[in-house]
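Biologist: I'm more at home with a pipette than a viewer. Could you show me how to read a structure, one feature at a time?

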Amino acid sequence: MLTLNFPSFPVLETERLLLREHALTDADTLFAMRTNENVMRFIDRERPKTTQDIETFISTFNEGFKQGQHLAWVIALKENPAQMIGSIGYWRTNLANYRAEIGYMLHPNYWRKGIISEALNKTIAFGFSEMKLHTIQANINPGNDASRQILLKHGFVKEAYFKEDYYFNGQFLDSEIYSLLK
Ligand SMILES: CC(C)(COP(=O)(O)OP(=O)(O)OC[C@H]1O[C@@H](n2cnc3c(N)ncnc32)[C@H](O)[C@@H]1OP(=O)(O)O)[C@@H](O)C(=O)NCCC(=O)NCCS
């Protein structure tokens, strides 16, 4: 069984980005992103109703990191580390099988500048070398071509297509599963 046991939150850097822990001060930005229908178009999850929902989510998520359950970063530009512009990370883990699911989102002002690609390079390398994952999985809504293209660009391979396996908002939705082996 894999254990995630980091003594402190692993802050990562890339050429342009700082990847840091979520803080309660990110709640307003995260709320704005998670209620923005451009961002959420293919993210089939309940929208938060208040920033309080987000604060609770951040606290619970950070507690989960301390307990070794998962690990996800706020994406910020190095020149303004306090301003969240997106997030990326291993939101769900399957530690018994050394596997975790990666997910990411970015504020639309920053789309198509290679930011998620830059963050993915770093977090994939970290996932394999430091977290000791064996496979990284991604689960997309088949309509999400942007996400599909990014995954293919980073070497992910389509592993499965589940028909109507996911019930959300009164509909049964399909899922496409991609994975990257160490
Ligand atoms: C998907 C998303 C994260 C892409 O982030 P990004 O930083 O704009 O992506 P990048 O600039 O790093 O793009 C890398 C590659 O992905 C592909 N890509 C990105 N956006 C795309 C789009 N809108 N349409 C088609 N391909 C796209 C391209 O191949 C691109 O390479 P190129 O610019 O050289 O052509 C961003 O659009 C987003 O936050 N979407 C909403 C949230 C979401 O759907 N998250 C994924 C859930 S599974």
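Modeller: Let's go through a helix, the cores, a pocket and a few single residues. Keep in mind that this is a predicted model.

Biologist: Fine. How many residues does helix H4 have, and what span should I expect from them?

Modeller: The rule of thumb is 1.5 Å a residue. Helix H4 covers residues 115-129, which is 15 residues, so the expected span is 21 Å. The C-alpha atoms at its ends are 21 Å apart, in agreement with that.

Biologist: And which residues of H4 are buried?

Modeller: Buried here means under 20% relative accessible area. In H4 the buried ones include Ile 115, Ile 116, Leu 120, Ile 124 and Phe 128, and also Glu 118 and Thr 123.

Biologist: What do nonpolar side chains tend to do in soluble globular proteins?

Modeller: They tend to be buried together. In this model the largest nonpolar core has 35 residues, and Trp 73, Ile 75, Ile 102 and Phe 156 have the most contacts inside it. Among the elements that each supply at least two residues are strands S3 (71-77), S4 (84-94) and S5 (99-106). H4 gives the most, with seven residues.

Biologist: Which residues does Phe 156 touch?

Modeller: Skipping residues up to four places away in sequence, its partners include Ile 102, Ile 124, Ile 136, Leu 151 and Tyr 178. There's also a second, separate core of ten residues, with Met 33, Val 39, Ile 54 and Met 105 among them.

Biologist: Now pockets. What is the volume of the largest one, and which residues are closest to its centre?

Modeller: The volume is about 1600 Å³. Of its 48 lining residues, Ile 43, Tyr 104, Met 105, Asn 144 and Ser 147 are closest to the centre. By type, the lining divides into 20 nonpolar, 13 polar and 15 charged residues.

Biologist: What about backbone angles?

Modeller: Most residues other than glycine have a negative phi. Tyr 98, in the loop between S4 and S5, has a positive phi of about 55°. Lys 132, in the loop between H4 and S6, also has a positive phi, near 65°.

Biologist: Are those two buried or exposed?

Modeller: Neither label fits, because partly exposed covers the range between 20% and 50%. Tyr 98 has a relative accessible area of 34%, so it is partly exposed. Lys 132 is at 47%, so it is partly exposed as well.

Conventions. Residues numbered from 1 in each chain as written. Predicted model: local features only at pLDDT ≥ 70, side-chain atom pairs only at ≥ 80, totals over all residues. Heavy atoms only, no water. Helix = DSSP H or I, 4+ residues; strand = E, 2+ residues; numbered from the N terminus. Expected span 1.5 Å × (residues − 1). Buried < 20%, exposed > 50% of the residue type's maximum accessible area, 1.4 Å probe, protein only. Core = buried A, V, L, I, M, F, W, Y, C linked by side-chain atoms within 4.5 Å. Contact = heavy atoms within 4.5 Å. 1 Å grid on protein atoms, 1.4 Å probe; cavity = no way out; pocket = protein on both sides within 12 Å on 5 of 7 lines; lining within 4 Å. Points joined across faces, edges and corners; volume = space filled by probe spheres on them. Nonpolar A, V, L, I, M, F, W, Y, C, P; charged D, E, K, R; others polar.
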